[in-house]
Amino acid sequence: MVLGCRPLSLRCLRWVSYSRLKSDGVAGLMVVQPHGSCWNGPSAMRGVRLHSRFHPAEPPFSAKRLRPTSAITRKNFLLRCKFSGVAGVGPKGINGLSQEAIDAAIAEATRVGFAVVRQFKPDAGTSAVASRFGRVIDIPRILNAPRIPTVQTLEPTMAEHSSLNRYSGHFGHGVFPLHTDLAHWHRPPRFFLLRCISGHSAVQTYVVPRRRIVEDVGEKVVSRAVCRPRRSRPQTPLCPAPIQFRENGIDGIRWDTVFLEPINACARELAERITAPGYVEEIASRVILENPGDVLLVDNWQALHGRGTVPEDATHRRIERAYIRLGD
């Protein structure tokens, strides 16, 4: 069958079939066929709508971009698509999780500060899983520190067996206070995920959305709070940084009890409130990473997070962390 030079109309589309591609973590590519094609997809696939947000940086889709001039084959017209909610049909991407579900998790994390995906491919590597959500940030290259892995392993460690540049060196198996990962950076990474390798039901991860902190402490206090990194060497110059910042039209918040120091009255008021006894229990959401493959996706600009106490029978708990960037 040969199509004319007229732009392909959306009304012509009927069948959609997945093409599982062996690529660098890109999933959800579909082969779109017009009516009358020589091969058919399942009838349940009707109702598919084109969706341009497969990748956050992708421009809006336009049917006029398609001017088919050759015979239809399975290799023609690879489009990024999304189902319009056909129950029980949700398409499966690479590794078995629909791109729609991943998009929904990212949207949820952006909206409320975090999202949880349960038991997602427990046998896969964390780097491969993270690449499904975005581009994995190469931390060793950025820091010029090849000994720091791109995917870090987090295990309960007694304070005397850890170093002071780690939370375990300060708190051991106790509660990790609310903080922003890499809060001392000029702009902390926007997203990271925590993935359960070996979990325990008694260990909680606390997450507090930025909006809850602003509502509790007050916009005026948060917007005027200023901090600076704690000095690791006396000769190291330090630059003050606002606790609330704005990047590309998005408001973010940073805080870290260990690695940031409040330097004005508003910052001290904010720090006192965040670290007050019972504050976390009062307003935090609790997430338990219990089963292998459980993933907690955190918007590092929109939420602070911490960890609960680790009991003696949970010292085997192992979580892997990767920082990711969307829109690349």
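Isoleucine 148 is partly exposed in this predicted model, with a relative accessible area of 32%. The residue sits in the loop that runs between helix H3 (139–143) and strand E7 (152–154). Together with Ile142 and Leu143, Ile148 makes up a nonpolar patch on the surface, and the three share about 210 Å² of accessible area.

Zooming out from this patch, the chain as a whole contains 8 helices and 19 strands. Of its 328 residues, 46% count as buried. The accessible surface comes to about 16900 Å², and carbon and sulfur atoms contribute 50% of that area. Contacts were also sorted by distance along the sequence: among those with a separation of 6 or more, 78% are between residues 24 or more positions apart.

One of the sheets is worth following strand by strand. This open sheet has 3 strands in the order E12-E11-E15, and their pairing is antiparallel. Its edges are formed by strand E12 (241–242) and strand E15 (260–262), each of which pairs on one side only. Strand E11 (residues 226–229) pairs with E12 over 2 bridges, in the antiparallel sense. Within that pairing, valine 226 has proline 242 of E12 as its bridge partner.

Side chains add a further link within this sheet. Arginine 228 and glutamate 261 form a salt bridge, with their closest N and O atoms 3.4 Å apart. Because arginine 228 belongs to strand E11 and glutamate 261 to strand E15, the pair ties together parts that lie 33 residues apart in sequence. Both ends of the bridge have some accessible area: arginine 228 is partly exposed at 34% relative accessible area, and glutamate 261 is partly exposed at 26%.

Salt bridges were then considered across the whole structure, where the search finds 11. Side chains of opposite charge can pair when their charged atoms come close. A helical example is the pair glutamate 108 and arginine 111, whose side chains meet at 3.1 Å, N to O. These two residues are 3 apart in helix H1 (residues 99–112), so about one helical turn separates them. Their exposure was also computed: glutamate 108 is partly exposed, with a relative accessible area of 31%, whereas arginine 111 is exposed at 57%.

Another salt bridge joins arginine 246 to aspartate 251, and here the closest N and O atoms are 2.8 Å apart. Arginine 246 counts as exposed at 51% relative accessibility, while aspartate 251 counts as partly exposed at 26%. Beyond these pairs, Asp216, Arg273 and Glu282 are linked in a network of salt bridges.

The backbone also holds some details to look for. Asparagine 248 has a positive phi of about 55 degrees, although this residue is not a glycine. Asparagine 248 is placed in the loop between strand E13 (244–247) and strand E14 (250–253), and is exposed, with a relative accessible area of 72%. Lysine 121 likewise has a positive phi, of about 45 degrees, without being a glycine. The loop that holds lysine 121 lies between strand E5 (114–117) and helix H2 (126–133). At a relative accessible area of 36%, lysine 121 is partly exposed.

Finally, the cysteines deserve a look. The search of the whole structure finds 0 disulfides. Cysteine 239 counts as exposed, at 61% relative accessibility. Cysteine 266, in contrast, has a relative accessible area of 17% and is therefore buried, since the limit for that class is under 20%.

Definitions and conventions
Residues are numbered from 1 along each chain as its sequence is written. This is a predicted model: local features need pLDDT of at least 70, side-chain atom pairs count only at pLDDT 80 or more; totals for chains, interfaces and linings use all residues. Side-chain values use heavy atoms; hydrogens and water are left out. A disulfide is a pair of cysteine sulfur atoms within 2.5 Å. Buried means under 20% relative accessible area, exposed over 50%, partly exposed in between (1.4 Å probe, protein chains only). Two strands pair if DSSP finds at least two bridges between them. Helices (H or I, at least four residues) and strands (E, at least two) are DSSP runs, numbered from the N terminus. Patches are made of residues with over 30% relative accessible area and no salt bridge: like charges are joined within 9 Å, nonpolar side chains (Val, Leu, Ile, Met, Phe, Trp, Tyr) within 5 Å. Accessible areas come from the Shrake-Rupley method with a 1.4 Å probe; for residues, only the protein chains shown count as cover. A salt bridge is a side-chain nitrogen of Lys or Arg within 4 Å of a carboxyl oxygen of Asp or Glu. Contact means heavy atoms within 4.5 Å.
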